[in-house]
Amino acid sequence: MSSVKLVSFQSQKHLVTGCCCRGDMRRLSSIVHRSATYSLQNLTKTPTVLYHTQLQNSSPASSKGNSLINHHYFSQIISRNDWFFLLNHEFKAKRVILNPQFVVSLLQNQENPLYPLRFYIWVSKIDPLFAKNPSVKGVLATSLYKKGPVLLSVELVKDIRNSGLNVTEDLLCILICSWGRLGLAKYCSEIFGQISFLGISPSTRLYNAVIDALIKSNSLDLAYLKFQQMSADNCKPDRFTYNILIHGICRIGVMDEALRLVKQMEAMGYLPNVYTYTILIDGFCNARRVDDAFRLVETMKKRNVLPNEATVRSLIHGVFGCVVPRKAFELLIMFLEKEPMMQKLACDTLLFCLSNNHMAREAALFMKKLSGRGYTPDNSTFNLTVTCLIKGFDLEGTCQILDSFVERGLKLGFNTYLALIQALYSAGQCAEGDRYLDRMTKDGLLSTIFSYNMLIDCFCKASMMDRARKTFRDMRLRVIAPSLVTFNTLIGSHCKIGQVHEAREFLVMLLESGFDPDIFTFSSLIDGLCRAHMIEDAFDCFTEMHHWDVTPNDVTYNILIRSLCVIGDVNRAMKLVRKMQATGISADVFSFNALIQSFCRMKKIEKAKQLFVTMLTLGLHPDNYTYGALIKALLESERLNEAIGMFHSMEAKDCIPDSYICNLVLESLVQKSCLEEARGILKRCNQRGTKLKSIPGL
């Protein structure tokens with residue numbers, strides 16, 4: 001083997017084991033996420049009874065002083081048939097100290113959604129004020145939604161009544177809300193029709209809860225039906241009723257009906273409030289009626305209804321959502337100049353939308369304009385905007401804007417600093433990059449293994465390997481221990497540029513630091529060896545993976561398949577594909593592309609086409625590299641019709657041909673005097689915005 005071959009993994013393994021006295025190698029383990037699904041049937045069954053002996057070894061507190069709540073202990077209590085009696089016992093023994101924080105914590109930390117419901121019922125009996133507490137009700141509603149549904153079964157009603165309690169209007173509203181969010185429209189309607197059996201009479205509040213739930217369940221027709229039934233139950237719609245219905249109508253953009261409801265609401269003596277106007281603005285934007293949305297803001301001003309944060313955000317996000325971003329920016333700038341409202345929030349939201357739409361030039365101009373007016377965005381908006389400028393504006397202008405706002409006290413986040421530093425280094429502006437790196441360090445943002453790993457990666461991506469190694473040494477001098485990610489980053493980056501010797505040095509350090517190489521380590525090393533034309537050494541490394549209990553993945557196989565195809569050893573590449581499939585790893589587009597390109601270079605077009613058909617059979621989607629190789633090979637073999645057919649097939653499968661393929665096809669058509677066909681393709685390319693070179697005769 002070559003003298004630059006990496007040291008044997010196995011020998012290094014024994015060396016490190018001897019030095020560090022390690023036992024068995026650590027093995028990768030798969031993480032299985034547990035998910036619990038509660039069926040309606042299960043929720044109607046009687047809860048499992050836990051005997052007293054099961055509670056003896058538990059205590060309500062998980063630490064001294066009762067400072068932490070033992071949620072498991074209370075879950076055991078609430079799961080029993082005599083849960084109400086036991087909770088009373090705990091309360092009398094002063095092991096339960098009722099306050100909003102305790103109640104909210106217990107409601108949030110129950111796996112079975114029936115348990116927070118029971119606890120809420122008990123708390124409501126002990127102190128009725130908790131039943132009215134917005135935080136408590138909100139947490140219970142969220143729990144019932146996320147872990148439910150909890151159905152109002154006969155068994156549950158009996159359980160509540162056996163505890164000396166009843167289903168209250170408050171509780172019923174919370175349950176209806178959860179059913180609506182879960183899409184149980186029909187069930188909401190059925191239960192509402194049976195509330196008399198619970199001793200509850202229809203009220204405007206209950207109707208509002210049901211109508212809101214039906215709208216959340218996308219059952220607008222059923223919601224309207226309930227709205228029309230209110231008068232039969234002597235219930236009068238209020239502003240909440242109308243706002244709920246208007247919201248549902250606005251969501252689907254039927255604005256004429258929404259405006260009719262507003263007039264009806266006004267006739268009932270309820271003037272539209274800020275919530276009404278906000279949902280109307282959102283609705284007009286959904287219906288792409290931007291002018292009406294702007295006029296509505298003017299109406300608010302005339303009626304002395306002050307906009308809130310939701311109004312401002314709905315208008316700005318809505319306008320960006322219904323017209324092209326540049327036009328949205330122009331409209332909003334003109335409007336905000338004429339009708340200023342909550343200027344700081346409006347500017348922050350506008351900057352957010354500009355950054356989100358990658359409008360770096362407009363964001364820069366807006367920032368400069370606002371800077372002259374003394375405006376300072378919040379830190380998160382500032383960082384988002386700077387990130388946008390780094391990607392789409394000139395770096396010098398970006399740094400000027402950034403510095404002007406930093407002087408006012410704004411701070412860059414670590415990720416923003418890093419993006420700027422990498423952009424400056426990549427552009428060759430090393431002195432400026434060092435200036436911001438020094439500022440980042442002084443801000444205390446370079447102090448953890450995570451931040452050092454990111455900085456090393458930044459230097460590697462900018463091809464500044466000397467600086468990456470220096471950062472690695474500085475990190476160790478600051479007694480920050482490198483992680484496996486640190487070593488993998490350095491090994492992978494050196495391998496990409498063919499520096500196998502340097503990669504080997506970091507591999508030795510990795511092993512000496514007590515780490516085992518993982519799939520990323522091996523894949524990087526194999527890639528580096530292949531790039532250095534050390535194919536046999538790469539296969540030795542591939543074999544070595546087994547000794548470290550590391551299973552090759554599709555990336556590892558594809559590196560070797562590609563490298564074999566590059567040197568023309570297609571037979572061995574095909575064998576490797578079969579071996580990969582035998583281990584349960586499916587060949588992907590990259591695997592097939594390497595083989596197809598290799599066969600095309602060898603003028604074995606039929607074999608390439610067979611692989612292409614196999615790709616389609618397996619449900620894989622060929623890309624520009626696949627089609628490009630086949631079309632080029634067909635054209636070089638004077639098989640123009642097949643090449644054009646392949647080109648049309650590519651378009652039909654929504655794989656947009658790139659400029660290389662389009663130019664290739666157009667040149668061949670012009671050479672064969674197929675000008676009409678060429679002009680048709682040229683027209684489609686222009687419509688797609690594909691850049692083409694000038695072709696004589698076309």
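Helices here are DSSP runs of at least four residues, numbered from the N terminus, and Arg118 is found in one of them, helix H7, which covers residues 114-126. The model is a predicted one, and the mean pLDDT of its protein chain is 85, with 90% of the residues reaching 70 or more. Over residues 1-58, however, the pLDDT is below 50, although this stretch has 89 contacts in the model beyond near neighbours in sequence. Where pLDDT is low, the predicted coordinates should not be read in detail.

**Confidence along the chain**

- A second stretch to read with care is residues 61-66, over which pLDDT stays under 50 and for which the model has nine contacts beyond four places in sequence.

**Arg118 and Met334: buried or exposed**

- Arg118 has a relative accessible area of 2%, and because buried means under 20%, this arginine of helix H7 counts as buried.
- The side chain of Arg118 reaches the backbone oxygen of Arg80, and the distance is 3.3 Å.
- Met334 lies in helix H20, which covers residues 325-338, and its relative accessible area of 54% makes it exposed, because exposed means over 50%.
- Met334 and Leu418 are 84 residues apart in sequence, and their C-alpha atoms are 35 Å apart in space.

**Two mostly covered helices**

- Helix H4, made of residues 71-78, is mostly covered, with seven of its eight residues buried; these are His71, Tyr73, Phe74, Ser75, Gln76, Ile77 and Ile78.
- Helix H12, made of residues 185-192, is also mostly covered, with six of its eight residues buried, namely Ala185, Tyr187, Cys188, Ser189, Ile191 and Phe192.
- The buried residues of H12 are covered by parts of the chain that include helix H11 (169-181), helix H13 (204-216) and helix H14 (220-229).

**Aromatic pairs and a ring cluster**

- The structure holds 20 aromatic pairs, and one of them joins Tyr73 and Phe74 in an edge-to-face arrangement, with 5.5 Å from centre to centre and 85° between the planes.
- Both partners of that pair are buried, since Tyr73 has a relative accessibility of 6% and Phe74 has a relative accessibility of 1%.
- Phe91 and Trp122 form another edge-to-face pair, with 5.9 Å between the ring centres and 80° between the planes.
- This second pair links distant parts of the chain, for Phe91 belongs to helix H5 (residues 83-92) and Trp122 to helix H7, 31 residues apart.
- The two rings are not covered alike: Phe91 is partly exposed, with a relative accessible area of 30%, whereas Trp122 is buried at 0% relative accessibility.
- Ring pairs link Tyr73, Phe74, Phe91, Phe102, Phe119 and Trp122 into a cluster.

**Charges over rings**

- The charged end of Arg408 sits over the ring of Phe405, at 5.0 Å from the centre of that ring.
- The charged end of Arg572 sits over the ring of Phe539, at 4.1 Å from the ring centre.

**The nonpolar core**

- In soluble globular proteins, nonpolar side chains tend to be buried together.
- The largest nonpolar core of this model has 233 residues, of which Phe119, Leu152, Phe320, Ile561 and Ile596 touch the most other members.
- Leaving aside neighbours within four places in sequence, Ile561 is in contact with Ala573, Leu576, Val577, Met580, Ser591, Ala594 and Leu595.
- Phe119 takes part both in this core and in the cluster of linked aromatic rings.

Definitions and conventions:
Residues are numbered from 1 along each chain as its sequence is written. Side-chain values use heavy atoms; hydrogens and water are left out. Buried means under 20% relative accessible area, exposed over 50%, partly exposed in between (1.4 Å probe, protein chains only). A polar contact is a pair of N or O atoms within 3.5 Å; within protein, one must be able to donate a hydrogen and the other to accept it, and residues adjacent in sequence count only if both atoms are side-chain atoms. pLDDT is the predictor's confidence in each residue, from 0 to 100. Contact means heavy atoms within 4.5 Å. A nonpolar core is a set of buried Ala, Val, Leu, Ile, Met, Phe, Trp, Tyr and Cys residues joined through side-chain atoms within 4.5 Å. Rings of Phe, Tyr and Trp (its six-membered ring) pair if their centres lie within 6.5 Å; planes under 30 degrees apart count as stacked, over 60 as edge-to-face and the rest as tilted. A charge sits over a ring if NZ of Lys or CZ of Arg is within 6 Å of the ring centre and within 35 degrees of the ring normal.
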